[in-house]
Amino acid sequence: MAKQLIPFIISLLLFIFTEVEGAKRSYGVYNSNPVKLFVFGDSYVDTGNFVHSESYKPPSGITFPGNPAGRFCDGRIITDYVASFLKIESPTPYTFRNSSNLHYGINFAYGGTGIFSTSIDGPNATAQIDSFEKLIQQNIYTKHDLESSIALVNAGGNDYTNALKTGRIIDLPGFMESLVKQMSVNLKRIRSLGIKKVAVGLLQPIGCLPVLNVISFRTNCIGLLNVISKDHNKMLLKAVQELNKEAADKSVFITLDLYNSFLSAIETMQKKRAEKSTLMNPLQPCCEGNNLEDSCGSLDDEGSKKYSLCENPKLSFFWDTLHPSQNGWFAVYTILQSTLGQLIT
Ligand SMILES: *[C@@H]1O[C@H](CO)[C@@H](O)[C@H](O)[C@H]1NC(C)=O
Ligand SMILES: *[C@@H]1O[C@H](CO)[C@@H](O)[C@H](O)[C@H]1NC(C)=O
């Protein structure tokens with residue numbers, strides 16, 4: 001009886017051993033040089049560089065980490081989810097870099113910035129890549145480090161809103177073309193600095209953003225504005241295809257479809273709400289200024305809140321009038337997971 005069990009016990013032990021080793025490897029326990037993530041772009045991916053902004057004021061961060069910590073959100077954003085997908089910690093914001101926190105890469109993204117310069121006094125995408133290049137020149141990251149590294153890039157939304165605000169868009173197709181051209185230059189440059197895979201976000205459906213969907217009293221996304229996103233994305237997809245054609249490895253650049261993932265997450269929430277009316281309208285922001293001139297986080301001279309906050313941010317899609325909530329980002333991330341798989345092949 002016991003003798004018969006021996007082969008079984010041996011194979012069981014072997015099984016347990018290989019499983020544990022596999023788990024250790026995948027969680028990087030023995031890995032002193034994990035995958036690094038370098039992030040470039042705007043508030044959709046910034047995890048803490050814009051120190052003097054609402055991202056460091058209440059009520060941001062109430063879901064995670066529990067206090068304002070530099071995200072334009074109540075909690076985690078897509079950058080954090082991409083990092084968790086790569087089984088690493090979210091990379092340190094560039095502003096807070098020091099000699100001992102560069103292990104998982106750096107986040108150069110800065111809220112309010114664009115491919116071109118915007119009204120915000122922050123580094124545009126080009127300047128962010130300049131900062132990255134400087135660190136490489138200083139040998140803070142070696143060629144070997146970068147060979148297994150991944151870049152996440154998201155920019156363009158603020159270029160459109162900024163141009164619309166200043167009335168600068170006279171020639172929309174021309175503006176779009178110059179934006180996509182510059183984005184293409186940026187992506188190529190990031191790759192040429194030694195990064196292995198580059199993921200770039202397609203433009204979100206801007207007509208769904210609460211700042212604009214208010215025109216429909218938050219019942220619908222504004223189709224006419226979503227067309228801008230669609231056209232931009234068509235052009236960007238073509239540019240990325242060209243970059244992959246030119247590259248030796250034909251899958252260096254991948255796109256994260258924020259357009260369709262936003263729409264699909266919003267639609268799913270709308271359907272659920274049709275069955276259960278107590279759920280939140282996904283086109284309604286969780287946090288919003290009381291007046292047009294106020295925003296989420298605004299206070300009056302006496303320090304009283306000039307904004308309203310929804311009961312449960314975890315039921316919203318949008319945190320404020322521009323940004324998804326943690327719940328929104330998680331839904332988007334869930335949809336993007338299969339695409340993200342291409343980063344680790
Ligand atoms: C580096 O920054 C981290 C936070 O990212 C902090 O915990 C640590 O104390 C800092 N180390 C040094 C040497 O300044
Ligand atoms: C980015 O910002 C720098 C510094 O402000 C500026 O010189 C440069 O022209 C900008 N680049 C683009 C592509 O707009």
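Where is the place of Pro 59?

## Two cis peptide bonds

In this predicted model, Pro 59 has its place in the loop between strand S1 and helix H2, the helix that spans residues 78-85. The peptide bond that joins Pro 58 and Pro 59 is cis, and its omega angle is about 5°. A second cis peptide bond runs from Phe 64 to Pro 65, where omega is near 0°, and Pro 65 likewise has its place in the loop between S1 and H2. As background for reading these angles, most peptide bonds are trans, and most residues other than glycine have a negative phi.

## Residues with a positive phi

Lys 87 is not a glycine, yet its phi is positive, with a value near 65°. Lys 87 is found in the loop between H2 and strand S2, which covers residues 92-93, and with a relative accessibility of 41% Lys 87 counts as partly exposed, because that value falls between the limits of 20% and 50%.

Asn 139 also has a positive phi, of about 65°, although Asn 139 is not a glycine. The loop that holds Asn 139 lies between H3 and helix H4, the latter made of residues 143-147. The relative accessible area of Asn 139 is 56%, and therefore Asn 139 is classed as exposed, a class that begins over 50%.

## Aromatic rings

The structure holds 19 aromatic pairs. In one of them, the ring centres of Phe 40 and Phe 108 are 5.2 Å apart and the ring planes meet at 5°, so this pair counts as stacked, the term used for planes under 30 degrees apart. The pair links distant parts of the chain, since Phe 40 belongs to strand S1 (residues 37-41), whereas Phe 108 belongs to the loop between strand S3 (105-107) and helix H3 (125-137), and the two residues are 68 residues apart.

Phe 40 counts as buried because its relative accessibility is 2%, which is under the limit of 20%, and Phe 108, with a relative accessible area of 3%, is buried as well. Phe 40 and Phe 108 are also members of a cluster linked by ring pairs, together with Phe 38, Tyr 94, Phe 132 and Tyr 141.

## Arginines over rings

Two arginine side chains are placed over aromatic rings. The charged end of Arg 97 sits over the ring of Tyr 94, at 3.9 Å from the centre of that ring, and Tyr 94 is itself part of the aromatic cluster. Arg 76 lies over the face of Phe 64, with a distance of 3.8 Å from the ring centre, and Phe 64 is the residue from which the cis peptide bond to Pro 65 starts.

## The surroundings of the ligands

Around ligand 1 are the residues Asn 98, Ser 100 and Asn 101. The side chain of Asn 98 has an N or O atom 2.3 Å from an oxygen atom of ligand 1, while the corresponding distance for the side chain of Asn 101 is 3.0 Å, again to an oxygen atom of ligand 1. For Ser 100, a polar side-chain atom lies 3.4 Å from a nitrogen atom of ligand 1. On its own, ligand 1 exposes 360 Å², of which the protein buries 32%.

Ligand 2 is surrounded by Ile 115, Phe 116, Ser 117, Asn 124, Thr 126 and Gln 182. By class, this shell contains two nonpolar residues, four polar residues and no charged residues. A polar side-chain atom of Asn 124 is 2.3 Å from an oxygen atom of ligand 2, and the protein covers 43% of the 360 Å² of accessible area that ligand 2 has on its own.

Methods. Residues are numbered from 1 along each chain as its sequence is written. Chains are lettered from A and ligands numbered from 1 in the order in which they are written. This is a predicted model: local features need pLDDT of at least 70, side-chain atom pairs count only at pLDDT 80 or more; totals for chains, interfaces and linings use all residues. Side-chain values use heavy atoms; hydrogens and water are left out. Rings of Phe, Tyr and Trp (its six-membered ring) pair if their centres lie within 6.5 Å; planes under 30 degrees apart count as stacked, over 60 as edge-to-face and the rest as tilted. Helices (H or I, at least four residues) and strands (E, at least two) are DSSP runs, numbered from the N terminus. Buried means under 20% relative accessible area, exposed over 50%, partly exposed in between (1.4 Å probe, protein chains only). A charge sits over a ring if NZ of Lys or CZ of Arg is within 6 Å of the ring centre and within 35 degrees of the ring normal. A residue is near a molecule or strand if one of its heavy atoms lies within 4 Å of it. A polar contact is a pair of N or O atoms within 3.5 Å; within protein, one must be able to donate a hydrogen and the other to accept it, and residues adjacent in sequence count only if both atoms are side-chain atoms. Accessible areas come from the Shrake-Rupley method with a 1.4 Å probe; for residues, only the protein chains shown count as cover. Ala, Val, Leu, Ile, Met, Phe, Trp, Tyr, Cys and Pro count as nonpolar, Asp, Glu, Lys and Arg as charged, and the others, Gly among them, as polar.
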